[in-house]
Amino acid sequence: MSYLDWIVLALSLTFIVGYGIYRSRENKNIDSYLRADRSLPWYHVTLSLMATQASAITFLSAPGQAYTDGMRFVQFYFGLPFAMIVLCITFVPKFHKLNVFTAYEYLEGRFDLRTRSLTAGLFLLQRGLSTGLSIYAPSIILSAILGWDIMWTNIISGGLVMLYTVTGGAKAVSHSHLQQMGIVTLGMVIAGITVVKLLPDDVSFTDALHVAGKMGKTNVIDFTFDLNNRYNVWSGIIGGFFLQLSYFGTDQSQVGRYLTGSSVGQSRLGLAMNGLLKIPMQFLILMVGALVFAFYQFTTPPMFFNQVKVDQVMATEYAPQYQQLEDRHAILQSEKRPHVRALTDALEKDDEAAIDRERNYLGAAEEKVQAVRQEAQDLISKANGEETNDVNYVFLRFVIDYLPAGLVGLLIAVILLASMGSVASAFNSLASTTIVDIFKRQVSKDGSDKYYVSASRWATFGWGVFCIFVAQYASRLGSMIEAVNVLGSLFYGVILGVFLVAFYFKSIGSRAVFWGAVIGEFFVVYSYWQDLTAFLWLNLIGCVLVIGFAWIIEQIWPQRGEVLN
């Protein structure tokens, strides 16, 4: 990077961290530290919700996901608006009325401490692991730019967020989110415009989209009903609905964001706007990836996008073999380019026969390119002794190689700031759940506000260390944006099932729902382990299993004398 890039990056990060600490410098009690005194307006809630969900994984991995697999991932969010409606009607007024710090407090009043502890524990496990992935995503950036070992970049990126989260709590998180989303939105718009500007002079924005579309990268909608297909309309609306309902309704990293709303109406409006804005935002981010794919049809792309791994293999005895693959890759790309040009001409003339001919040729040529890429990945894996996947490096490599000075720093700041937003929310939610649901409830019940604020800071620090440790192993999981949602799907359905029983099945008691959740979680993990269905459906399966098993257990083994709220 140039000096200008470093200046832009440093100023962006310094401003966000400093602003967050400044705006939250007074945290006199636990309510201020964990819920920002329930004083924030709806736009704070909306942007905080979006910043929590839109991590560095979104801005780093999603364009790479579109580059390799097309834009069909956007269907993952089709259930989100429907989930927001249900949350606004049921969850939000319930949580505000009960004046809870965490979502799991409600479960003790409805069931018992054991059920509350189980769901809080499932959340802590899932969120702690997934936050490790969110820390790893920006570490990729620092590792790729500086050539540093990923261990140190994980420590730096995770430690930077810990700095203002430990200091400022929920207020620091929310105020930082407001600025982060502004910079993130600006940066991604500039990235999209820049990709189009870098296309050949005679290739327009629509030409690029048509080329990407004919090569299978703008496959936004798929109505095929297939339980083994990860992304289609049905898995997005049904499986995605249950995932988003559980994520925003029972995951403390999101519940904690709208608990900061100054009223039920402000929290509802914040959630509703999130439901309206998320799908268009994700669509545009994926479209940037499709445009990057189109750009590389006119310019030879890297055979492998992680330059650090390439440099490592070139320093081994496998360097001659890798160079041979590089040469084959370059030849295949040069052979494709005349046919890409022919495809654009055919599209302009609306010549269907020529379009089909060139599309078929390019499809076959792309298969040959992917075969060479696979050989290269196998060689890198053999040389480095670890699995390789470069989907998370596609957009980053494009940014570093082609964006002008200043914009590189801005785009890298965008990705780092997105990570800081989601990781800060996660640290805050992990701390609040640990202190409110476990420490304050079961370990130290009579401490002062000052004591619990101090304990919350230590809990934030402890979870930060744990998540940085998890980040060291994240490189083995492939596409980060898929991995984090697969991980969530292993737990969210079961947690949601517990809450739905609490809200709507008044005849089911604590013992039945506890064992229903335990059995349901076992079946979800088994289903994933045996690869019985695409991961989005696990959210529906987990939810239904908890309700079903709880109802059956209640009929067979009723809990006498329990008062159900």
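Among contacts in the chain between residues at least 6 apart in sequence, what percentage join residues at least 24 apart? In this predicted model, the share is 86%.

**Overall composition**

The chain holds 22 helices and zero strands. Of its 565 residues, 59% are buried. The exposed area of the chain is about 21,700 Å², and 62% of that area is supplied by carbon and sulfur atoms.

**Individual residues**

Three residues illustrate how burial is assigned along the chain. The table gives the helix and the relative accessible area for each.

| Residue | Helix | Relative accessible area | State |
|---|---|---|---|
| Leu-13 | helix 1 (residues 3–23) | 15% | buried |
| Gln-377 | helix 15 (residues 352–384) | 12% | buried |
| Ile-556 | helix 22 | 69% | exposed |

Leu-13 counts as buried because its relative accessible area of 15% falls under the 20% cut-off. Leu-13 is also one end of a pair separated in sequence: Leu-160 stands 147 residues away along the chain, yet the C-alpha to C-alpha distance between Leu-13 and Leu-160 is 9.3 Å.

Gln-377 belongs to helix 15. With a relative accessible area of 12%, Gln-377 is buried. When residues up to four places away in sequence are not counted, Gln-377 touches Phe-304, Thr-388, Asn-389 and Asp-390.

**Helix 13 and helix 14**

Helix 13 spans residues 307–314 and helix 14 spans residues 319–349; their axes come within 8 Å and cross at roughly 130 degrees. The two helices are therefore oblique to each other, because an angle over 145 degrees would be needed for roughly antiparallel and one of 65 to 115 degrees for roughly perpendicular. On the side of helix 13, the residues in contact are Val-310, Val-313 and Met-314, and these meet Ala-319, Tyr-322 and Gln-323 of helix 14.

**A nonpolar surface patch**

Which residues make the nonpolar surface patch of about 630 Å²? The patch is made by Trp-515, Val-518, Trp-551, Ile-552, Ile-556 and Trp-557. Two elements give two or more residues to the patch, namely helix 21 (510–529) and helix 22 (537–556). Helix 22 gives the most, with three residues. Ile-556, a member of the patch, lies in helix 22. Ile-556 is exposed because its relative accessible area of 69% is over the 50% cut-off.

Note on methods
Residues are numbered from 1 along each chain as its sequence is written. This is a predicted model: local features need pLDDT of at least 70, side-chain atom pairs count only at pLDDT 80 or more; totals for chains, interfaces and linings use all residues. Side-chain values use heavy atoms; hydrogens and water are left out. Patches are made of residues with over 30% relative accessible area and no salt bridge: like charges are joined within 9 Å, nonpolar side chains (Val, Leu, Ile, Met, Phe, Trp, Tyr) within 5 Å. Accessible areas come from the Shrake-Rupley method with a 1.4 Å probe; for residues, only the protein chains shown count as cover. A salt bridge is a side-chain nitrogen of Lys or Arg within 4 Å of a carboxyl oxygen of Asp or Glu. Helices (H or I, at least four residues) and strands (E, at least two) are DSSP runs, numbered from the N terminus. Buried means under 20% relative accessible area, exposed over 50%, partly exposed in between (1.4 Å probe, protein chains only). Axes are lines fitted to C-alpha atoms, for helices over the stretch in contact, and angles run from 0 to 180 degrees between N-to-C directions. Angles under 35 degrees count as roughly parallel, over 145 as roughly antiparallel, 65 to 115 as roughly perpendicular and the rest as oblique. Contact means heavy atoms within 4.5 Å.
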